[in-house]
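This briefing covers strand pairing, one helix and its packing, and aromatic pairs. The structure is shown first, followed by the points grouped by topic.

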Amino acid sequence: MSAQPMTPERPPRLVALDIDGTLLRWVTGLGMSHEEVTPAVHDAVQRVLDAGAHVVLSSGRAMHNMTSVADMLDLHGHGDQIWIVAANGAVVLRYPPAEVVHEVTFDAAPAVAAVLAEHPNALVAVEERGVGYLVSAPFPDGELGGTTTIAEVADMVGQPVSRVIIRDPDATAEDFVDLASRLGLHGTDYIVGWTAWLDLAPVGVSKASGLEYVAQQLGIDRADVLAIGDGRNDIEMLEWAGRGVAMGQSVDEVKAVADDVTASVDEDGAAVELGRWFPAPGSGGMDG
């Protein structure tokens, strides 16, 4: 941690923000978000940029599903290309225009085969960069952005990939937590989402590793990073950052690693936390 704690007079130099469940509100009962940013969140992010700090979107989303959120937030309104950490840290890009500057890939075939042996009807998706996804069969409406193209699983994982999604609409998140724990998924890291959604990633790759790459490029110490997130894929990021904050609706294992818990996404918790360090005029900041 930094010898000097964050204060409104010495705010974070880099703010890392998850998207779904942090910036965007969940659609009740579905594994997707409302694609709109509330005015409170938009204004809070603009205050961060106005103060000269960097805002980095850090999500499990594919890159083409993140640039639209950057546009809604007007992240690039201050002139320079922004940094985005996509695919849970496996892909780092600059925008606009979208330019991949760092990517980590792995052989996903063994892990995918192990999961499908126990969930043979599960759906598989691999990002088709800039376009959408290759999928083994259609996913539930709204869960994958961009264009989807049906393909054979063997072809999808026949070469190194940065990320694989496995989704079983007939299972639960708890089923997948148990499955991943039992299988071990050797040579692969994994993250279980809010539903029976399993993200497979290269070993050692997480939002934290992606943000570490960005911070090094910017010359910023992790002690000067504020990170906000709500999901299991945010755990490493919250632990890595100088200040990691969980959203109010986060599962207990996420809250347990956070330095603090803000309000829920439905209460604009991200804006509440940002207001502590980048207060609106007359709000009083941390004391307001």
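Strand E7 is joined to strand E8 (residues 147-150) by 4 bridges, and the two run parallel. The model is predicted. E7 also pairs with strand E6, and the sections below move from these strands to the open sheet, helix H6 and the aromatic pairs.

**Strands E6, E7 and E8**

- Between E7 and E8, Gly132 has Thr147 in E8 as its bridge partner.
- Strand E6 (residues 123-128) and strand E7 (residues 132-135) run antiparallel and are joined by 4 bridges.
- Within the E6-E7 pairing, Glu127 is opposite Tyr133 in E7.
- E6 and E7 make a hairpin with 3 residues between them, and Gly130 in the turn has a positive phi of about 80 degrees.

**The open sheet**

- 8 strands form an open sheet in the order E5-E4-E3-E2-E1-E12-E13-E14, with mixed pairing.
- E5 and strand E14 (260-261) are at the edges with a single partner strand each, so one side of each has no neighbour in the sheet.
- E2 and E3 run parallel and are joined by 2 bridges; Ser58 is opposite Val85 in E3.

**Helix H6**

- Helix H6 (residues 207-218) has 12 residues, which at 1.5 Å a residue should span 16 Å; the end C-alpha atoms are 16 Å apart, so the two values agree.
- At the start of H6, a side-chain oxygen of Ser206 comes to within 3.1 Å of the backbone nitrogen of Ala208.
- Gly219 follows H6 and has a positive phi, near 70 degrees.
- The buried residues of H6 are Lys207, Ala208, Gly210, Leu211, Tyr213, Val214 and Ala215.
- These buried residues pack against strands E1 (14-17), E2 (54-58), E3 (82-86), E4 (91-95) and E5 (99-103), and against helix H7 (235-240).
- H6 lies across E1, E2, E3, E4 and E5, and runs at about 160 degrees to E3.

**Aromatic pairs**

- The structure holds 2 aromatic pairs.
- Trp83 and Tyr213 form an edge-to-face pair, 6.4 Å centre to centre with 70 degrees between the planes.
- This pair links distant parts of the chain, with Trp83 in strand E3 and Tyr213 in helix H6, 130 residues apart; Trp83 and Tyr213 are buried.
- Phe139 and Trp197 also form an edge-to-face pair, 6.2 Å centre to centre with 75 degrees between the planes.
- Phe139 is in the loop between E7 and E8, and Trp197 is in strand E11 (residues 197-202), 58 residues apart; both Phe139 and Trp197 are buried.

Note on methods. Residues are numbered from 1 along each chain as its sequence is written. Side-chain values use heavy atoms; hydrogens and water are left out. The expected span of a helix is 1.5 Å times one less than its number of residues. Buried means under 20% relative accessible area, exposed over 50%, partly exposed in between (1.4 Å probe, protein chains only). Contact means heavy atoms within 4.5 Å. A polar contact is a pair of N or O atoms within 3.5 Å; within protein, one must be able to donate a hydrogen and the other to accept it, and residues adjacent in sequence count only if both atoms are side-chain atoms. Two strands pair if DSSP finds at least two bridges between them. Axes are lines fitted to C-alpha atoms, for helices over the stretch in contact, and angles run from 0 to 180 degrees between N-to-C directions. Rings of Phe, Tyr and Trp (its six-membered ring) pair if their centres lie within 6.5 Å; planes under 30 degrees apart count as stacked, over 60 as edge-to-face and the rest as tilted.
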